Amino acid sequence: MSHYSSESAWWAFNFVANYANGRYQDMVTDIRKVQQELETAFLENQPATEQRALTMNGEERVALLTRYTDSLGNLAHQRWVELGNYLVTKYNDGYVKDSAMRIQPKAYPDEWLKYIIRQEPGKYLIRK
């Protein structure tokens with residue numbers, strides 16, 4: 001936790017969560033898409049993996065399930081790193097890129113703007 005590393009699953013998940021805080025309403029669709037993709041794949045593969053494990057002896061079963069669990073964790077980590085990179089690219093500098101990556105202006109939510117102004121009330125005043 002003392003330094004960022006994309007090699008860390010903790011940082012990958014934390015980055016997406018923190019980056020989405022300011023534009024959650026916009027980003028949640030992209031986040032849920034990856035989440036559902038992973039969950040669907042995990043649930044579809046689980047019965048076959050369990051059936052296969054039941055045909056093995058104890059040590060083989062442990063090895064299979066360890067490899068299986070490790071591969072799913074690595075896949076989730078990889079997809080979340082990719083998701084973070086995608087979100088930074090799509091939602092950048094107050095703009096949102098469409099599916100063709102054309103920049104579309106989209107204002108921040110009013111609640112967010114009010115929050116920012118409350119944090120530093122004088123910082124954003126236009127001076128004459």
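Begin by selecting strands β1 and β2 (residues 95–97), which run antiparallel and are joined by 2 bridges; strands here are DSSP runs of E with at least two residues, helices are runs of H or I with at least four residues, and both are numbered from the N terminus. Two strands count as paired if DSSP finds at least two bridges between them. Within this pair, look at Tyr91, whose bridge partner in β2 is Val96.

This is a predicted model, in which local features need pLDDT of at least 70 and side-chain atom pairs count only at pLDDT 80 or more, while totals for chains, interfaces and linings use all residues. Residues are numbered from 1 along each chain as its sequence is written, and side-chain values use heavy atoms, with hydrogens and water left out.

Now add β3 to the selection, and you have an open sheet of 3 strands in the order β1-β2-β3, with antiparallel pairing. Because β1 (91–92) and β3 stand at the edges with a single partner strand each, one side of each is left without a neighbour in the sheet. If you colour by pLDDT, the predictor's confidence in each residue from 0 to 100, the protein chain averages 92, and 100% of the residues score at least 70. Confidence is lowest in strand β3 (residues 103–105), with a mean of 84, and highest in helix α3 (residues 58–90), at 97.

Select helix α3 next. Its 33 residues should span 48 Å at 1.5 Å a residue, and its end C-alpha atoms are 47 Å apart, which agrees; the expected span is 1.5 Å times one less than the number of residues. At the N-terminal end of α3, Asn57 acts as a cap, with a side-chain oxygen 3.1 Å from the backbone nitrogen of Glu59. Among the buried residues of α3 are Leu64, Tyr68, Leu72, Trp80 and Leu87, where buried means under 20% relative accessible area, exposed over 50%, and partly exposed in between (1.4 Å probe, protein chains only). The buried residues of this helix pack against α1 (9–20), α2, β1 and β2.

From α3, pick out Arg79, whose side chain meets that of Glu37 in a salt bridge (2.8 Å, N to O). Arg79 lies in helix α3 and Glu37 in helix α2, so the pair ties together parts that are 42 residues apart in sequence. Arg79 is buried, with a relative accessible area of 17%, whereas Glu37 is partly exposed at 37%.

The structure holds 6 salt bridges, each defined as a side-chain nitrogen of Lys or Arg within 4 Å of a carboxyl oxygen of Asp or Glu. Another of them joins Asp98 and Arg102, with the closest N and O atoms 3.0 Å apart, and Arg102 counts as exposed at 52% relative accessibility.

For the last stop, select Asp26, which is placed in helix α2 (residues 24–54) and counts as buried at 14% relative accessibility. The side chains of Asp26 and Arg23 are joined by a polar contact of 2.9 Å; such a contact is a pair of N or O atoms within 3.5 Å, where, within protein, one must be able to donate a hydrogen and the other to accept it, and residues adjacent in sequence count only if both atoms are side-chain atoms. Leaving aside residues up to four places away in sequence, Asp26 touches Tyr91 and Lys106, contact meaning heavy atoms within 4.5 Å.
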